[in-house]
Amino acid sequence: MGDEDKAIEHEDLEPSIGMDHTASTYQETQEETVMNARGIDAKEPTEGSNLLNSSEKKLQERPTESNNLQRLRQIFACPPHGLLDRGITNVTMVVLLWAVVWSITGSECLPGGNLFGIIILFYCAIIGGKLLGLIKLPTLPPLPHLLGMLLAGFLIRNIPIISDNVQIKYKWSSALRSIALSVILVRAGLGLDSKALKKLKGVCIRLSMCPCLVEACTSALLAHFLMGLPWQWGFILGFVLGAVSPAVVVPSMLLLQEGGYGVEKGIPTLLMAAGSFDDILAITGFNTCLGMAFSTGSTVFNVFRGILEVVIGVAAGSLLGFFIQYFPSSDQDKLVWKRAFLVLGLSVLAVFSSVYFGFPGSGGLCTLVMSFLASLKWAGEKAEVEKIIAGAWYIFQPLLFGLIGAEVSIASLRPETVGLCVGVLGIAVLIRILTTFLMVCFAGFNIKEKIFISFAWLPKATVQAAIGSVALDTARSHGERQLEEYGMDVLTVAFLSIIITAPIGSLLIGLLGPRLLQKAEHRNNGEVHEETSIQV
């Protein structure tokens, strides 16, 4: 039996030995093939390697060729799909919009009419913003789209053939800019976060108040002595320049926050929160000085009138804010849409009615107080209301910046005026940077972080576009030539401040942030949520 078992084991081993021999032979053959492909001296390719390389290239080229053919077939498919279909749809919608409006209004929607000009300006501003957004620099945040919108309006006004056919009466332009201002004020009021203010405490208050007030006073002094503006108009110009732009600062801060730069000390949150309070202070100061500039009487009466406008604005805003806290009630359907309609409609009414009743400074303050008080009660639904208001801003933003650019005519600008405006702007911005540096000296930041915060407080755009033309519109309604010239100087400085500081500020934040701020190495989800929940 033992001999039989050995014989069986021997027979079982023979196939495995054969299989191992076959495998080793196959492996040697593969190695020879690889050696042939590499070449005998590992330098010169052989005939076998050429065949392998050519076959590999053919295999790589075939998928790319097939992908290109598939893309071409998708683009030029019948019926069309993808990019071609999207382009045809968008063009059809634009032509349809024009045709419907033309069928209702007639000549107003033909070249030279107001509606024709508004439609052309709107779409040109959108295209200008999209084109500027295509300019992307490595490791830098994208340039703000609003700059392209501003330049689009400026080109429409200053290209002779286009400007002859695209004309918008100033009453239409003023009304659209006032509506856009109402949307901005509602967003600012809803964006206020009392919890963020309590958490950041003293440094947030110093950063939001002192640079704005110092820059406003500096600009007023320079405008009075260099440009010859009266003191009231000097402070109007100062508060126009005193606001920082949330449209530039907030996206840049969010990019740094996502990268973990400065989050351990809360620098992005600090700048976003303080930016909202800075804008509110500038708008309130502007409205107060605007009311004083257009009032008649003694200086004491003008000061009293300015205080009266503030009281009226706060009182009316408080009354309306408490009203929309409870109306509509929380048990109604479509609650978010009703609240958004009420807060936006009442803000537009407040801005226009304040001008009608002769208190132009109270409308903006009323809107801020009303939207802030309403947001305190809405709590969980506030974010949904903000989304709807943001949709309205998406429509009025191209109109606002396009109309501001279209107000500036090269033919009406005097070289000495432009030079003085740039000088006032440059000195005021320099004083603001130094003041900001001093305000954060005792807040626990190191020297690099202080330098970054000082330069991050530079960009100007949204508020300047919103209130920069209000003084000019008010002067035109009074029909006084001298006041219109003052208003044009204010608008010119606002325009130049956007053109100069918005791109420079955005680039400085993108360049200095990763170099001057400390990067957080490890952050858990709770810290990320806590940091992003205080965004304003």
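These questions and answers walk through the core, a loop, the surface, the ring pairs and the salt bridges of a predicted model.

Q: Which helix gives the most residues to the largest nonpolar core?
A: The core holds 114 residues. Among the members that touch the most others are W233, I236 and F452. The top contributor gives 14 residues. That contributor is helix α11, residues 267-293.

Q: Which residues does M253 contact beyond its neighbours within four places in sequence?
A: M253 is one of the core members that touch the most other members. L271 and F452 belong to that group too, and both are in contact with M253. The full set for M253 is P268, L271, M272, F452, A456 and I509.

Q: Is L400 buried or exposed?
A: L400 is found in helix α15, residues 382-407. Beyond its sequence neighbours within four places, it is in contact with R177, A180, I184, W393, A465 and A466. Its relative accessibility is 0%, and the cut-off for burial is under 20%. L400 is therefore buried.

Q: How many Å separate L400 and S174, C-alpha to C-alpha?
A: In sequence, L400 and S174 are 226 residues apart. In space, the C-alpha to C-alpha distance is 9.7 Å.

Q: Where is the cis peptide bond that leads into P328?
A: P328 is found in the loop between α12 (299-326) and α13. The bond has omega near 5°. It runs from F327 to P328.

Q: Is R339, which touches P328, buried or exposed?
A: R339 sits in helix α13, residues 335-356. Not counting residues up to four places away in sequence, it touches Q325, P328, W378, E381 and V385. Its relative accessible area is 4%, so R339 is buried.

Q: Which non-glycine residue in the loop between α12 and α13 has a positive phi?
A: The phi is about 50°. The residue is exposed, because its relative accessible area is 64%. It is K334.

Q: Which residues form a nonpolar patch on the surface?
A: The patch has about 360 Å² of accessible area together. One member lies in helix α5, residues 145-158. That member has 47% relative accessibility, so it counts as partly exposed. The patch residues are L155, I159, I161 and I162.

Q: What is the geometry of the W98 and W102 ring pair?
A: The whole structure has 9 aromatic pairs. In this one, the ring centres are 6.1 Å apart and the planes meet at 15°, so the geometry is stacked.

Q: Which helix holds both W98 and W102?
A: The two residues are 4 apart, about one turn of the helix. W98 is partly exposed at 31% relative accessibility. W102 is partly exposed at 41%. Both lie in helix α3, residues 82-105.

Q: Which residues do ring pairs link into a cluster with F225?
A: F225 and W231 form an edge-to-face pair, 5.8 Å centre to centre with 85° between the planes. F225 is exposed at 61% relative accessibility, while W231 is partly exposed at 36%. The residues linked with F225 are W231 and F235.

Q: Which residue forms a salt bridge with D473 at 2.6 Å?
A: The structure has 10 salt bridges. This one links helix α19, residues 470-478, to helix α7, residues 170-191, across 296 residues. D473 is buried at 9% relative accessible area. Its partner, buried at 2%, is R177.

Q: Which other residues join R177 and D473 in a network of salt bridges?
A: Side chains of opposite charge can pair when their charged atoms come close. Here R177 and D473 pair directly. The network also takes in E407 and R476.

Q: Which residue pairs with E449 in a salt bridge?
A: The closest N and O atoms are 3.0 Å apart. E449 lies in helix α17 and K265 in the loop between α10 and α11, so the pair ties together parts 184 residues apart in sequence. E449 is buried at 2% relative accessibility. Its partner, partly exposed at 37%, is K265.

Q: How many residues apart in sequence are the parts tied together by D278 and R432?
A: D278 forms a salt bridge with R432, with closest N and O atoms 3.3 Å apart. D278 lies in helix α11 and R432 in helix α16, so the pair joins separate parts of the sequence. Both residues are buried. The separation is 154 residues.

How values were computed
Residues are numbered from 1 along each chain as its sequence is written. This is a predicted model: local features need pLDDT of at least 70, side-chain atom pairs count only at pLDDT 80 or more; totals for chains, interfaces and linings use all residues. Side-chain values use heavy atoms; hydrogens and water are left out. A nonpolar core is a set of buried Ala, Val, Leu, Ile, Met, Phe, Trp, Tyr and Cys residues joined through side-chain atoms within 4.5 Å. Buried means under 20% relative accessible area, exposed over 50%, partly exposed in between (1.4 Å probe, protein chains only). Contact means heavy atoms within 4.5 Å. Patches are made of residues with over 30% relative accessible area and no salt bridge: like charges are joined within 9 Å, nonpolar side chains (Val, Leu, Ile, Met, Phe, Trp, Tyr) within 5 Å. Accessible areas come from the Shrake-Rupley method with a 1.4 Å probe; for residues, only the protein chains shown count as cover. A salt bridge is a side-chain nitrogen of Lys or Arg within 4 Å of a carboxyl oxygen of Asp or Glu. Rings of Phe, Tyr and Trp (its six-membered ring) pair if their centres lie within 6.5 Å; planes under 30 degrees apart count as stacked, over 60 as edge-to-face and the rest as tilted.
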